[in-house]
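Student: Please take a close look at a single part of this model, namely its strand pairing, and then follow the chain into whatever adjoins that part. I would like one connected account.

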Amino acid sequence: MKYLDCHAHLYDEKLCNQIDDIVSSSKRNGCVGIYNCGDSLDSLTKILSIKDQYSDICHAVLGIHPEFALENDDYFKQAYEIINKNISNIEAIGEIGLDYHYSKEEKLKIKQKELFIEQIRLAKRHNLPIVVHSRDAGEDTLKIIKEEKPIKTYLHCYSDSKEIFNQYLKLGIPVFFGIGGVLTFKNAKTIQDIVSSSSLDVFLSETDSPYLSPEPYRGKINTPANIPLIIKQVSKLKNIDEEKVAKILLDNGERFYGIK
Ligand SMILES: [Zn+2]
């Protein structure tokens, strides 16, 4: 089978010293594309140099994660400089979004929304899709996507409700939903139900490496070589042959990142 890992962080310190091995084992398992997504200012140049070094398989998605929304002006000035300078060398803006998991403080929410909207507009100006991180912020993320209408939206590691999922489908703009290791967890009933009862055309395969390893590796370090375990789970949930699932998810990824 051939597949994409639409969302990974190979520059993470848990992985960056073994990228050669990770790329080889992923290729052996059928991986044909790894999309490394930005989080901090620091991550941006690392992603670009991984792309240079492994240009046959690694791609760059640059953006600032909501976790860094309270950084100072200089931080964002530097980040935007790097992103703008490399805009023709990247596939999307991400991961950007809202994360209210650790703090629901109003000041933080406002900053996160500003940063999110600013980066969606940047993506739109350059005709780029966006990769979104949304945690415990489902309603606010939906509201912003609805208002800003990004060109193409990918909600990575989708973790919101089925009601919100259905509302996204009604927006009339292209929205994709990332499925990864969580889909194999016993307690992940909501996302399992969403996948079981929906058309596969809206889902993207991802790992979020080094995080969220699928079963039976839950808790261990994740790599793009593990995507076949996610495909296997989708195949079980949908009762569709694994090869066919892989083909559909690959097509979706190619549609999202504009390869086709
Ligand atoms: Zn991520």
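Tutor: Two strands pair if DSSP finds at least two bridges between them. The model examined here is a predicted one. In it, strand β4 (residues 92-99) is a suitable place to begin. Its link to strand β5 (residues 130-135) consists of 6 bridges, and the two strands run parallel; 6 bridges satisfy the requirement of at least two, so β4 and β5 count as a pair. Within that pairing, Gly94 has Val131 of β5 as its bridge partner. The path of the chain from β4 to β5 leads through helix α4 (residues 106-125), and the resulting β-α-β crossover is right-handed.

Strand β4 also pairs with strand β3 (residues 58-62), again in the parallel sense, by 2 bridges. Here Val61 is placed opposite Ala92 of β4. How many of the residues of β4 are buried? The count is 8 of 8, so the strand is largely enclosed by the rest of the structure.

These pairings belong to an open sheet of 8 strands with parallel pairing, arranged in the order β1-β2-β3-β4-β5-β6-β7-β8. The edges are occupied by β1 (3-8) and β8 (203-205); each has a single partner strand, so one side of each has no neighbour in the sheet. From one strand to the next, the twist averages 30°.

At the β8 edge, the partner strand is β7 (175-179), to which β8 is joined in parallel by 3 bridges. Phe177 has Phe203 of β8 as its bridge partner. The loop that runs between α6 (162-169) and β7 contains Gly172. Gly172 has 8 C-beta neighbours inside 10 Å, which is why it counts as exposed. Its C-alpha atom is separated by 9.4 Å from that of Lys149, a residue 23 positions away along the chain.

On the other side of α6, the loop between β6 (153-155) and α6 holds Cys157. The phi of Cys157 is near 45°, a positive value in a residue other than glycine. Cys157 is buried because 23 C-beta neighbours lie inside 10 Å, where the cut-off is 20 or more.

Beyond the edge strand, the loop between β8 and α8 includes Pro210 and Pro216. Both prolines follow cis peptide bonds: Ser209 is joined to Pro210 with omega about 10°, and Glu215 to Pro216 with omega about 5°.

Helix α8 (residues 227-238) in turn packs against helix α7 (residues 189-197): their axes come within 9 Å and cross at roughly 65°. The crossing of α7 past α8 is right-handed. The contact brings Gln192, Val195 and Ser196 of α7 to Val234, Leu237 and Lys238 of α8. Classified by type, this contact comprises 3 nonpolar, 2 polar and 1 charged residues.

The loop between α8 and α9 (242-256) contains Asn239. Although Asn239 is not a glycine, its phi is positive, at about 55°. Is Asn239 buried or exposed? Asn239 has 7 other C-beta atoms within 10 Å and is therefore exposed, whereas Cys157, which likewise has a positive phi, is buried.

Key. Residues are numbered from 1 along each chain as its sequence is written. This is a predicted model: local features need pLDDT of at least 70, side-chain atom pairs count only at pLDDT 80 or more; totals for chains, interfaces and linings use all residues. Axes are lines fitted to C-alpha atoms, for helices over the stretch in contact, and angles run from 0 to 180 degrees between N-to-C directions. Helices (H or I, at least four residues) and strands (E, at least two) are DSSP runs, numbered from the N terminus. A crossing is left-handed if the near helix is turned anticlockwise from the far one by less than a right angle, and right-handed if clockwise. Two residues are in contact if their C-beta atoms, placed from the backbone, lie within 7 Å. Ala, Val, Leu, Ile, Met, Phe, Trp, Tyr, Cys and Pro count as nonpolar, Asp, Glu, Lys and Arg as charged, and the others, Gly among them, as polar. A residue is buried if 20 or more other C-beta atoms lie within 10 Å of its own, exposed if 12 or fewer, and partly exposed in between; C-beta atoms are placed from the backbone. A crossover is right-handed if, with the strands pointing away from the viewer, the path from the first strand over the helix to the second runs clockwise.
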